[in-house]
Amino acid sequence: MLLLDPTGAIDDLWLKASDRLPEAGRALVPHANLDAALKTGLELGVEVPNTLDPRDLRPHLGRLAMISVDFPGFADGRGFSIGRKLRADGFLGRLRASGSVISDQFTYLLQCGYDEVLLPDDMAARQPIDDWMNQLGHVTSGYQRGISGRHSILDQRRPI
């Protein structure tokens with residue numbers, strides 16, 4: 001797996017804890033195990049499917065240090081909306097896109113509030129890090145308003 005942020009490849013500091021929680025440190029747990037994990041003193045991250053209603057995480061946003069949103073296919077845009085909604089709800093931790101995303105989507109992910117992208121090995125082999133880094137700054141407009149307050153294409157078309 002390759003983990004990228006706007007600076008390039010980075011180390012993954014999160015221990016994936018699908019079955020058993022560690023005694024200390026950071027743990028990335030499936031959404032189904034979140035309630036049990038919240039009872040620990042661990043620094044928590046949660047993996048969520050792109051079908052999750054982000055409002056379900058609202059009560060826990062202050063306790064979560066990272067949220068990893070699954071992108072099962074690069075043509076499925078629900079993860080973009082989830083990221084934007086989580087940021088609008090006040091989530092300040094790390095936001096990770098995990099799965100089938102392509103380098104062309106990197107700037108859009110960042111505009112929706114994502115901090116990093118975790119790619120499966122097969123996708124990372126087809127998309128070198130340089131492809132990802134070269135995408136930064138290529139996209140200057142979008143159809144959604146960005147979390148940074150940037151205007152959408154439709155906003156830009158309105159007469160002043």
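**Exercise 1. Determine how many bridges join strand 5 to strand 6, and place both strands in the sheet.**

Solution. Step 1: Strand 5 (residues 43-48) and strand 6 (residues 64-71) run parallel and are joined by five bridges. Strands here are DSSP runs of E with at least two residues, helices are runs of H or I with at least four, and both are numbered from the N terminus; two strands pair if DSSP finds at least two bridges between them. The model is predicted, so local features need pLDDT of at least 70 and side-chain atom pairs count only at pLDDT 80 or more, while totals for chains, interfaces and linings use all residues. Residues are numbered from 1 along each chain as its sequence is written, and side-chain values use heavy atoms, leaving out hydrogens and water.

Step 2: Within this pairing, valine 48 stands opposite valine 69 in strand 6.

Step 3: Strand 4 (residues 26-30) also runs parallel to strand 5, again with five bridges. Here alanine 27 stands opposite leucine 44.

Step 4: The open sheet has eight strands in the order 2-1-8-7-6-5-4-3, and its pairing is mixed. Strand 2 (8-9) and strand 3 (15-16) are at the edges with a single partner strand each, so one side of each has no neighbour in the sheet.

Step 5: Strand 1 (residues 2-5) pairs with strand 2 in the antiparallel sense over two bridges. Aspartate 5 has glycine 8 of strand 2 as its bridge partner.

**Exercise 2. Identify which residues touch the most other members of the largest nonpolar core.**

Solution. Step 1: A nonpolar core is a set of buried Ala, Val, Leu, Ile, Met, Phe, Trp, Tyr and Cys residues joined through side-chain atoms within 4.5 Å. Buried means under 20% relative accessible area, exposed over 50%, and partly exposed in between (1.4 Å probe, protein chains only).

Step 2: The largest core holds 34 residues, of which Leu57 and Ile67 touch the most other members. Strand 6 gives the most to this core, with four residues.

Step 3: Leaving aside residues up to four places away in sequence, leucine 57 touches His31, Leu34, Val48, Leu52, Leu64, Ile67 and Leu86; contact means heavy atoms within 4.5 Å.

Step 4: In strand 5, five of the six residues are buried.

**Exercise 3. Describe the aromatic pairs of the structure.**

Solution. Step 1: There are three aromatic pairs. Rings of Phe, Tyr and Trp (its six-membered ring) pair if their centres lie within 6.5 Å; planes under 30 degrees apart count as stacked, over 60 as edge-to-face and the rest as tilted.

Step 2: Phenylalanine 71 and tyrosine 114 have ring centres 5.8 Å apart and planes at 70°, so this pair is edge-to-face. Phenylalanine 71 is in strand 6 and tyrosine 114 in the loop between helix 3 (106-111) and strand 8 (116-119), so the pair ties together parts 43 residues apart in sequence. Both residues are buried.

Step 3: Phenylalanine 106 and tryptophan 132 are also edge-to-face, at 5.3 Å centre to centre and 80° between the planes. This pair links helix 3 with helix 5 (residues 129-135), 26 residues apart. Phenylalanine 106 has a relative accessible area of 0%, and tryptophan 132 likewise has 0%.

Step 4: Ring pairs join Phe71, Phe80 and Tyr114 into a cluster.
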